[in-house]
Amino acid sequence: MPSIDPNHNALLPQFEARMAPEYVALYNKHIRGKQLAHELDIEEVRRNPEAYSVEKGPDIGKIEEIQISVQDGEITLRIYRPTEEQSTISAQGGRLPPVHLNFHGGGWVLGNIGDDESWIRRAIALTGCVVVDVGYRLAPEHRLPTSIEDSWSALEYVSQNGEKLGVDVTRISIGGWSAGAHLSAVLSHRARDRGLKGLVFALLVIPVTDATSVGTDLQVRPNTPNKSWIECHDAPFLSHARMSWFYKHALPLPIIEEVLSDPEISPLHAKNFKGLPPTLIYPAEIDVLKEEGLAYANKLKVEGDGWVECVLAKGVPHPFPHQACIFSRESPIDPY
């Protein structure tokens, strides 16, 4: 990201006062004085993804890539495997390791496999699972629902190829951050509705669940129940301007009310919350998406019949999972 005015994208005082000191330091070091993705040409951002990279993470086992067929094309799955020692964590009497499908963030427009590698490596080191990072196709070349269909194809492929992949398909989990959490929420409903077996857990971090927070002009609705869209309108990293930029490039055209309220665009508006996998949700406090993440968790608790836990990450904005230090013992993360 090119350097410009040293105060460009500086934290606004009302947000800096609420943020964890560790995050303020990281933000000022890596973000202040830089342009963010929505301020740049899409292709320029895609040419230089290293500008958005994070630390590598612990050593793991083999990494390989395969191609799978999807509607009108192919996508890449990158498979991260544990070391022999790490795999004993989840062996459970000689069983194959469980498998987790990761869907990266980036507003359905940016991002790629490998963006979450630091987190993936830490997850493998702690659990001994295999992680399949899904390279779904991006908007605006491939608008929604393409990323949903690609992600569903990846989940189906894994569930049908356990022996080939060397994973236990009775222990499948899915998850992601932001747009990836949206995809995971939608796939949770699809798996139930289409009879896919083996999905035992969903991880939704800073999820997008309700596009009706904005109108067809992509401006915030004054009467939205998701008040964080108003309270965090100019929040760092994911402001209204940035999120509406993602919607502009990713939503199906034309952007009409029926698109915004479609349960596969806005899973908060799904009709049925029963029969879904156990779900863990992490909204961020200083984030336009906070209230819709909390609302989705409440729907699961009130209208669902399974385990759900929601943990509000206090004092941090939208992209907090990329900062490993936020998960230290001093982290301002409290249960909701």
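Helix 10, which spans residues 240–250 in this predicted model, is mostly covered, with 9 of its 11 residues buried. The buried positions of helix 10 are H240, R242, M243, S244, W245, F246, Y247, H249 and A250. An α-helix has 3.6 residues a turn, so residues three or four places apart point the same way. Among the buried residues of this helix, S244 has a relative accessibility of 12% and therefore counts as buried, the cut-off being under 20%. Along the sequence, S244 lies 27 residues from D217, and their C-alpha atoms are 9.3 Å apart in space.

A second serine, S213, is placed in the loop between strand 6 and helix 9 (228–231). Because its relative accessibility is 0%, S213 counts as buried. Once neighbours within four places in sequence are left aside, the contacts of S213 are Q219, V220, R221, T224, N226, W229 and E292.

The strand that precedes this loop, strand 6 (residues 199–205), pairs with strand 5 in the parallel sense over 6 bridges. Within this pairing, I174 has A202 of strand 6 as its bridge partner. Between the two strands the chain passes from strand 5 through helix 8 (residues 179–193) to strand 6, and this β-α-β crossover is right-handed. Strand 5 also pairs with strand 3 (residues 99–103), again in the parallel sense, over 5 bridges. In that pairing, H100 stands opposite S173 of strand 5.

Strand 5 itself covers residues 172–177, and 6 of its 6 residues are buried. The residues of strand 5 point in two directions: I172, I174 and G176 one way, and S173, G175 and W177 the other way, with all of them buried. Thus I174, the bridge partner of A202, and S173, which stands opposite H100, point to opposite sides of strand 5.

Helix 8, the connection between strands 5 and 6, also meets helix 6 (residues 146–160), and the axes of the two helices come within 10 Å and cross at roughly 60°. Angles from 65 to 115 degrees would count as roughly perpendicular and those under 35 degrees as roughly parallel; helix 6 and helix 8 are therefore oblique to each other. The crossing in which helix 6 passes helix 8 is right-handed. On the side of helix 6, the residues that take part in the contact are S147, I148, E149, S151, W152 and L155. Their counterparts in helix 8 are H182, L183, V186, L187, R190 and A191.

The next position to consider is I75, which belongs to strand 2 (residues 73–80). With a relative accessibility of 2%, I75 counts as buried. The C-alpha atoms of I75 and A154 are separated by 8.6 Å, although the two residues are 79 residues apart along the chain. Not counting residues up to four places away in sequence, I75 touches I66, Q67, I68 and V70, together with V134, G135, Y136, R137 and D150.

Helix 5 (residues 117–127) completes the account. In this helix the buried residues are E117, S118, W119, I120, R121, A123 and I124. Directly after helix 5 comes G128, and the phi of this glycine is positive, near 75°.

Notes: Residues are numbered from 1 along each chain as its sequence is written. This is a predicted model: local features need pLDDT of at least 70, side-chain atom pairs count only at pLDDT 80 or more; totals for chains, interfaces and linings use all residues. Side-chain values use heavy atoms; hydrogens and water are left out. Buried means under 20% relative accessible area, exposed over 50%, partly exposed in between (1.4 Å probe, protein chains only). Helices (H or I, at least four residues) and strands (E, at least two) are DSSP runs, numbered from the N terminus. Two strands pair if DSSP finds at least two bridges between them. A crossover is right-handed if, with the strands pointing away from the viewer, the path from the first strand over the helix to the second runs clockwise. Axes are lines fitted to C-alpha atoms, for helices over the stretch in contact, and angles run from 0 to 180 degrees between N-to-C directions. Angles under 35 degrees count as roughly parallel, over 145 as roughly antiparallel, 65 to 115 as roughly perpendicular and the rest as oblique. A crossing is left-handed if the near helix is turned anticlockwise from the far one by less than a right angle, and right-handed if clockwise. Contact means heavy atoms within 4.5 Å.
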